[in-house]
Amino acid sequence: MNTQTIQCDALVVGGGIGGLTSALELADQGYQVAVVEREASIGGVMIALSKVFPTLDCASCITTPRMAAAAHHPNIEILTCTEVKSITRDGRLFAANLMKKPRYVDEKLCIGCRQCEYVCPVDVPHEFEGGLGARKAIYVPFATAIPQKAVLDAENCMLCGSCEKVCPSQAVDYFQRPEEIKVQAKSVVLATGFQLLPKDSKKEYSPPGSLNILSALQMERLLSPHGPYGRVIRPSDGKVPDSIAYVQCAGSRDKSLGIPYCSRVCCMYAIKQAMLLSGALPLADVTIYYMDIRAFGKGYEEFYENAKAMGIQFVKAKVARIAEDEEHNLNVRVELMEEDGRVEERAHDLVVLSLGMVPGCNPEEFVPVMRDDDGFVKCASPKTAPALTDQPGILVAGTAAGPKDIVDTIAKAGAAAMEAANYMRGLELDLSAVTEAVTGEEERAAERAAS
Amino acid sequence: MPEEVQTNDQPENREAKEPQIGVYICHCGGNISDVVDVQTVAEEVKKIPAVKVARTNMFMCSDPGQEMILEDLEKESLDGVVVASCSPKLHELTFRNALKRGNHNPYLYEHANIREQVSWAHHGDPAGATNKAIRLIAAAVAKAVRLEPLKPIRVEAFPHAVVIGGGVSGLTAARKLSKQGLGVTLIEKSPYLGGQTAQLNQVYPTEEKAEDLLRMLVEEVVDDSNIKIYTGAEVVAATGTIGDFVVRVRNVPGDTSAKGIGLIEKKVVFRPFQGCTVRSDRPCSPGDELEVRCGVVIIATGFKHYEPRSGEYSYGESPRVITLPDLIKLLSPDGPTGGRLEIQGHPVRDVALIHCVGSRQVDGIHEPQPDGRVNSYCSRVCCTATLQAANEIKDRFPHVNVYEFYRDIRAYGRGHEDYYEKASGKGVLFFRYTPDSPPLVEKTGPNASRPLKVRVRDTLTFGEDLEAPVDLVVLSVGMMPNDISDLVDVFKLPVGTDRFLQEVHPKLRPVEMAVNGLLLAGTSQGPRDITESCASAAAAASKAAIALGKGYVELEPFVAQVDPARCDGCGLCLNECSYEGALRLTDIEIEGKVERKALVNAPLCMGCGSCAAVCPHRAINVSGWTLDQFDSMVDAIAAQ
Ligand SMILES: Cc1cc2nc3c(=O)[nH]c(=O)nc-3n(C[C@H](O)[C@H](O)[C@H](O)COP(=O)(O)OP(=O)(O)OC[C@H]3O[C@@H](n4cnc5c(N)ncnc54)[C@H](O)[C@@H]3O)c2cc1C
Ligand SMILES: Cc1cc2nc3c(=O)[nH]c(=O)nc-3n(C[C@H](O)[C@H](O)[C@H](O)COP(=O)(O)OP(=O)(O)OC[C@H]3O[C@@H](n4cnc5c(N)ncnc54)[C@H](O)[C@@H]3O)c2cc1C
């Protein structure tokens, strides 16, 4: 196995908007940064969103510049398709073992022309599109991916050899092996983000064989101008939905799933999606079944008020069960929490689950930091220094320390960068203090010798 | 202040050969191409003689898009680039940076906005939109032909920061910066450090004592030799730009308790419900002033509580109607009753907590503030703070009945939901109201068991009218920004419709303001808790460290330039200039003759162009936006 060694000031784990922001802040301060991302592109969840609340900026428009800025920064090195095996303290430094998974495409040779994609005969559901669209077994992850390099999915590849033949730069390499990378860093920023709870976590909401119950992230893709279908239609039959329901707290504030906490962004993204749907499908009814609407951020309450004014229905209710019939129409059993508290069956064409946020990975598996009861990284001084973990020199940014929206992720990522810089500055001062002490000692020894 | 006037390099003679321009038209993933026929646009634009290449791409801002431009610059030896995409606010800088990366002058770039100004504005008229896109691009090409390479203006960055406001946010920002070896001056208007946090007892969700948190922060700041603290002081004037501001600080007039300007001795005393005070060893007389030179200014001036109107939920009419901050004091061992829950000398038996007082207000229902606007925003901390108080009452006084009147419970943060769960478990009763039928607080008759009652139409029980007899009503008042209109004037700070300070971009750039070198920390920007305040303060410190760390900052070269040959020293431009020190008249010697001419001080010029507009001789031009360039753009639009 090849082993490469990288020396840097800060190692950032996770290349979502949180990790990239920390990396850029540190790099702009003059520190050398390595960013490790396990996927084939940086960008995290944000690059897959349609538009963002409350500004309704298109997500790729505001994410790509930051991705590009990080990728081109002279002080930042980005490692994609790379996993962290371990991070341990090594004297005053951290030693990290990384594993670069084979892309089966030579990153240096690939020019991102996508010829391989056009000839590949294999169609597989596209993860980036929430499984709704298809991709090839060799593919550039998505239009705005960074790096723009193909990746071959060995599990689905038939080894037909077409891609290798067509590749104009001889980049396809079926024999690529995992590569070991060793990193020496002075500080570590954990920005490992979040995942949505799987759609089938709550069996009341996942009838077998259902096609028209979507996760909120799948809906983000449907709403993207360049999404899998190019418009919003039902996956089962391509019908344009007339009636769409949102089920809030589907796996948040729910002890039965072990997720007692609030996921903090679902109210807002549901409202956002509802507004976008009203724009895309002016005739459709959109209903949001909720417990409390938590529109707490700057400009969020006003956003919520706008949504109500647009005619989006907000119904305070608990959803007991969702059923899907043979025509794939949905029946949602709701217990109204207002009016007379009755239980109703309501018909909808499409249901979106506002699924809770759970940690993007378990960092305990590779780094000695503590997690809190909620599974996210524990903050050592949650009030006054929220980016500190229980380990000096290891900081936490973004949603790795609990659910957050983009702006809070970015603020926290800036804070993590500042703490990392403070820590590294402390190391330097310690070092010069040590040198001074040593020279002092030597001088005294010399004096003693002289007298 | 650097006196030297920086001019850009003499432009090379670009007229010699007709410049070759590359035009790049973005689909914006359909945002543009669903309306504008980008292929036709490219074909039409290609017909303009100066256009060497015209290409389209799904996302010009993506890496392949940028690489395409860089490749063409080399292969086609382009002299200028036009990208037609979204608003320049989003991506002008992206493309300039791409040019820079490829070792090309980033100012040989022009941006055409065909999304906000075309596809989004005319989505019902694809043909018209396509035509408009062509015209706008033609104009941009006309300008690009006349662009000259420019150099950014370099200003030495003075390695010192001024932080205004000594609450948790200001303290945090100051300390983080000092740890990077930068000097900091902390200016606090009140005699005390700690801000509103000093008014708290225990803080959610950790239940740490506010006093302990503050003492730790303040001690660190006070012991820090890089940080100078001035309490009882305020900023009265400021000049300069990023890298080199001069801030004038003065003793707060009339505040006798103020310690005055003076570097402070190291002893920290915490006084509950006031803050941390530190003895000044150098008292000075009111009106004393000093000047601080700094490279950046961080504004951390915090919030004040919404003050209910007299009669709002009987506030001011009954002494039994108090605010949440009052309740926090009442429950504290340092409070007026030593922590006993008593009102008017009697133990409280039933308490009503009313949420959203002064927050989430609705036009037409709530009375507006003096500026005519209601507080339509959510104050973010009150739900959890109220639940925390309800829990404390239930824990310490289990027999007291607690009723909460709410609209939505927004216990969003880590550990917040627990308070809600526990309150329900401990028997706190929740009633939900809508803004158009809020709870009514009324005095009861002489025979009633309790002096007050709260009536509400509870939406959770069939919209039934319910009544709760109580002896204490607590109003969960929202947050409003402190009145900093003086600072807003001094620094020309951008303010949002919610009256809080406004960041550059609400998603991506939360701690920067539109004025370069001014940064935001904590609740001066909007409601948030201590965790969030400290995170934003540290993030602001990081931005400050970036600005000051290199020793210099680079400013955009879009500043006014005077052509001395045309200037006759009439001074009309001076009257128009609103940036102190940016423009002056001076005598210069030209061929032995002394003549009066206008002179620009580039770092202070904001490039607004007012001077250029009034100059009768076209002697002033804003670099990158010259009159000739504008003329050519207008001609190009009209020519089509
Ligand atoms: C449906 C939906 C809609 C949303 N809409 C909005 C919106 O409109 N506005 C808004 O403000 N917010 C919105 N959000 C929230 C927003 O997505 C998050 O705030 C943001 O993505 C968090 O960024 P992050 O960097 O912390 O995490 P992530 O985006 O999750 O990034 C983490 C990165 O780390 C990588 N990673 C994880 N573990 C490892 C490891 N061990 N080694 C290497 N790499 C690793 C991941 O692959 C990922 O790339 C929405 C969320 C959802 C689910
Ligand atoms: C009822 C209530 C309960 C709360 N409970 C909690 C809790 O339990 N946990 C939690 O995390 N958060 C809580 N909060 C939120 C917390 O109080 C704030 O997040 C925090 O105080 C914000 O700190 P700050 O530094 O931004 O502002 P502030 O604390 O307001 O400090 C601003 C400082 O700036 C000074 N200043 C103002 N104008 C000027 C000027 N022109 N020049 C110089 N100085 C100036 C002020 O005097 C003040 O010292 C609560 C808030 C409320 C309203």
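In this predicted model, an oxygen atom of ligand 1 sits 3.5 Å from a side-chain N or O atom of A:Thr409. The protein covers 97% of the 1,000 Å² of accessible area that ligand 1 has on its own. Two further pairs involve backbone atoms of chain A: A:Gly18 pairs with an oxygen atom of the ligand, and A:Arg38 pairs with a nitrogen atom.

| Protein atom | Ligand 1 atom | Distance |
|---|---|---|
| A:Gly18, backbone N or O | oxygen | 2.8 Å |
| A:Arg38, backbone N or O | nitrogen | 3.2 Å |
| A:Thr409, side-chain N or O | oxygen | 3.5 Å |

Now the shell. Ligand 1 is surrounded by 36 residues. The closest are A:Glu37, A:Lys272, A:Thr399, A:Lys404 and B:Lys507. The ligand lies between chains A and B.

By class, the shell has 17 nonpolar residues, ten polar ones and nine charged ones.

Which element gives the largest share of the shell around ligand 1? H5(A) does, with three residues. The elements of chain A that give two or more residues include helix H1 (17-28), helix H5 (216-223), helix H6 (266-280) and helix H8 (406-450). Strands S3 (51-52) and S13 (194-196) of chain A also give two or more.

The domains of chain A complete the picture. Domain 1 (1-101 + 178-193 + 360-451) and domain 3 (196-357) both give residues to the shell, so ligand 1 lies between these two domains.

Terms used:
Residues numbered from 1 in each chain as written. Chains lettered and ligands numbered in written order. Predicted model: local features only at pLDDT ≥ 70, side-chain atom pairs only at ≥ 80, totals over all residues. Heavy atoms only, no water. Near = heavy atom within 4 Å. Polar contact = N/O pair within 3.5 Å; in protein donor to acceptor, adjacent residues only side chain to side chain. Areas by Shrake-Rupley, 256 points an atom, 1.4 Å probe, with all protein chains shown as cover. Helix = DSSP H or I, 4+ residues; strand = E, 2+ residues; numbered from the N terminus. Nonpolar A, V, L, I, M, F, W, Y, C, P; charged D, E, K, R; others polar. Domains from an automatic or database assignment.
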